[in-house]
Amino acid sequence: AAEAAAEAAAAEAAGEAGKRGGRCTGSALAAATSLLACSHPDSAARTVVFCGGPSVGGAGAIVDSDAGSTVRSHKELEAGSARATAAAEHYDALGRAAAARGHGVDVVAASLEEVGLYEMKALLGRTGGAALQGESFQDSHLLDSLRRLYARAPDGSVGMGFGAQFELTAGRDCEAIEHIGGGGGAAGEPEGLSVRECGGARSFAWAGGSLSPHTCVGLTLTPAKKGGGASVMPQHQLLQLSARYSTAGGRRVRRVTTLRLPRLTQSYDAKSLLPALDQQAVAALLVRQAVAKANSGASAPEMLRWIDRLLIKTMKTLCAYSKGDPGSVALPPAAGIVPGFVFHLRRSPVLRTSGASPDRTTFFRLLASTLDTFSSLLLVQPTLRGFRVGSGGSAPLPLEPTSVTPDRLLLLDSFTQLVVCKGGALALAARSPGSPPAEEVQQLTDAVAAEAAALGAARFPAPLLIECEQGSSKARYLAQKVNPDVPLSAFLQGLYRAIVE
């Protein structure tokens with residue numbers, strides 16, 4: 001990464017005044033994937049793209065070389081951009097070719113300007129590659145992420161899987177599947193999907209590209225439409241998911257998971273499902289479904305309307321209430337976190353595009369579609385804990401402005417960022433070195449910083465650690481999470497009114 005940073009800086013310096021660096025990222029990537037296809041057609045291989053700025057020439061260009069020309073925005077993309085469409089088609093074709101060989105493609109972007117991650121999203125999805133972002137190739141969290149991505153397995157090889165093949169076997173009443181992140185595919189389409197039937201089972205097989213230890217696959221199953229004739233169905237549904245891949249050392253691995261689930265009758269009551277409902281998994285799948293809708297072309301307002309309608313419909317089914325009385329709505333404990341999670345999802349960077357660049361939005365959506373359940377919840381709904389001098393512990397706090405007080409030290413965990421923020425009084429005390437209050441504040445700060453480092457030690461991508469004081473410029477990372485446009489209480493009141501209508 002250091003060598004790539006030096007090369008990027010030298011290329012930028014060599015450019016003409018008022019001109020961007022002469023990058024042809026799409027053409028360079030096409031050459032790299034072609035070379036690997038010829039030299040390693042049936043073995044493990046991975047391409048890493050280090051982007052220090054936007055591509056200005058060749059296939060995949062996203063902007064002119066003139067430094068005065070602006071890179072595409074969300075508004076321009078929604079209106080239709082021929083250049084962005086052409087670049088996306090180029091990268092999509094490269095992704096299909098690399099996935100067919102079982103090769104992976106990773107993108108490391110270190111630039112204050114857009115590099116074209118939006119156009120590369122299908123490439124990354126099809127090959128199972130990782131996207132990393134930073135302002136500089138020297139950023140510590142970017143370097144840590146690279147180390148974790150290419151960490152060694154116990155046998156000494158890189159801890160990755162290549163040429164992955166997935167197969168889901170279900171009953172014949174499962175008509176179709178939809179891919180919603182992880183394990184190959186783009187825009188809900190599993191890569192190279194094939195369907196076959198044998199006896200009373202139906203199998204779906206697709207290519208999964210490359211795998212990493214953090215890969216998490218999401219699928220939705222569509223039941224077949226009921227025919228006219230009555231048939232006796234078994235009381236249980238069997239599902240089996242098989243994953244085959246090669247390690248970097250050439251060893252073939254197969255992992256199989258088999259589930260035996262009770263089958264519902266046609267006249268079941270939805271509330272009878274609550275004891276078995278995993279609401280955290282429901283929330284994580286909801287995030288992936290929203291990302292899948294975005295990848296299929298839905299705008300941010302369309303996604304917000306879709307998720308609002310889905311929440312109202314679900315809560316109408318599961319809640320107990322009296323028609324016309326919002327105060328009578330009783331949320332079932334088994335689904336109690338869902339409304340609050342949707343509130344945070346609506347204002348998360350996964351859905352909201354205002355104030356964010358297309359590349360930044362793409363980064364969060366790619367990340368959300370590959371994370372496990374707990375990490376997905378943390379990305380959408382951060383945790384906030386407060387520490388006080390002499391308290392000996394921490395207390396969970398709501399994401400509200402009232403949680404920010406002068407005598408608290410706060411730790412915000414949003415998965416991609418860990419923010420340690422001193423309250424105003426603590427920051428003032430720390431400015432008197434040698435005094436007992438300053439020493440106590442420093443001890444507390446060191447303890448919280450160590451706890452933050454422990455939280456992010458095994459996380460991928462490595463989070464950015466930010467230390468700040470209340471009211472400082474860096475405190476904006478905390479303020480944007482605790483200052484919603486609409487309070488949670490107002491959102492819930494509107495939801496309750498919609499439920500009882």
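Which residues are linked with Arg72 in a network of salt bridges? In this predicted model, Arg72 shares such a network with Glu114, Glu119 and Asp359. The structure holds 18 salt bridges in total, and several individual pairs are described below.

One of these pairs consists of Arg20 and Glu113, whose closest N and O atoms are 2.6 Å apart. Arg20 is located in the loop between helix 1 (2–14) and helix 2 (25–39), while Glu113 belongs to the loop between strand 2 (104–110) and helix 5 (121–127); the salt bridge therefore ties together parts that are 93 residues apart in sequence. The two partners were assigned to separate classes of accessibility. Arg20 has a relative accessible area of 9%, which is under 20%, and so counts as buried. Glu113, with a relative accessible area of 31%, falls between the 20% and 50% limits and is therefore partly exposed.

A salt bridge is also formed by Asp106 and Arg46, with 2.6 Å between the closest N and O atoms. Distant parts of the chain are linked by this pair: Asp106 lies in strand 2 and Arg46 in strand 1 (residues 46–51), 60 residues apart. Both Asp106 and Arg46 are buried.

In the salt bridge between Arg202 and Glu197, the closest N and O atoms are 2.4 Å apart. Arg202 is buried, its relative accessible area being 12%, whereas Glu197 is partly exposed at 42%.

Helix packing was examined next, with helix 9 (residues 338–346) taking part in both contacts described here. The axes of helix 9 and helix 15 (residues 488–500) come within 10 Å and cross at roughly 115°. This crossing is right-handed. On the side of helix 9, the contact is made by Pro339, Gly340, Val342, Phe343 and Arg346; helix 15 contributes Leu488, Phe491, Leu492 and Leu495. By residue class, the contact of helix 9 with helix 15 comprises 7 nonpolar residues, 1 polar and 1 charged.

Helix 7 (residues 279–295) also packs against helix 9, the two axes coming within 10 Å and crossing at roughly 25°. Since angles under 35 degrees count as roughly parallel, helix 7 is roughly parallel to helix 9. The crossing of helix 7 with helix 9 is right-handed. Gln279, Ala283, Leu286 and Val287 of helix 7 meet Val338, Phe341, Val342 and Leu345 of helix 9 in this contact. The residues divide into 7 nonpolar and 1 polar, with no charged residue in the contact of helix 7 with helix 9. Val342 of helix 9 is listed in the contact with helix 15 and in the contact with helix 7.

Two features of the backbone were also noted. Most residues other than glycine have a negative phi, and most peptide bonds are trans. Phe415 has a positive phi of about 75° although it is not a glycine. Phe415 is situated in the loop between strand 15 (409–413) and strand 16 (417–422). With a relative accessible area of 3%, Phe415 is buried. The second feature is a cis peptide bond between Phe460 and Pro461, with omega about -5°. Pro461 is found in the loop between helix 13 (436–455) and strand 17 (464–469).

Technical notes:
Residues numbered from 1 in each chain as written. Predicted model: local features only at pLDDT ≥ 70, side-chain atom pairs only at ≥ 80, totals over all residues. Heavy atoms only, no water. Salt bridge = Lys/Arg side-chain N within 4 Å of Asp/Glu carboxyl O. Helix = DSSP H or I, 4+ residues; strand = E, 2+ residues; numbered from the N terminus. Buried < 20%, exposed > 50% of the residue type's maximum accessible area, 1.4 Å probe, protein only. Axes fitted to C-alpha atoms, helices over the stretch in contact; angles between N-to-C directions. Left-handed = near helix turned anticlockwise from the far one by under 90°. Contact = heavy atoms within 4.5 Å. Nonpolar A, V, L, I, M, F, W, Y, C, P; charged D, E, K, R; others polar. Parallel < 35°, antiparallel > 145°, perpendicular 65-115°, else oblique.
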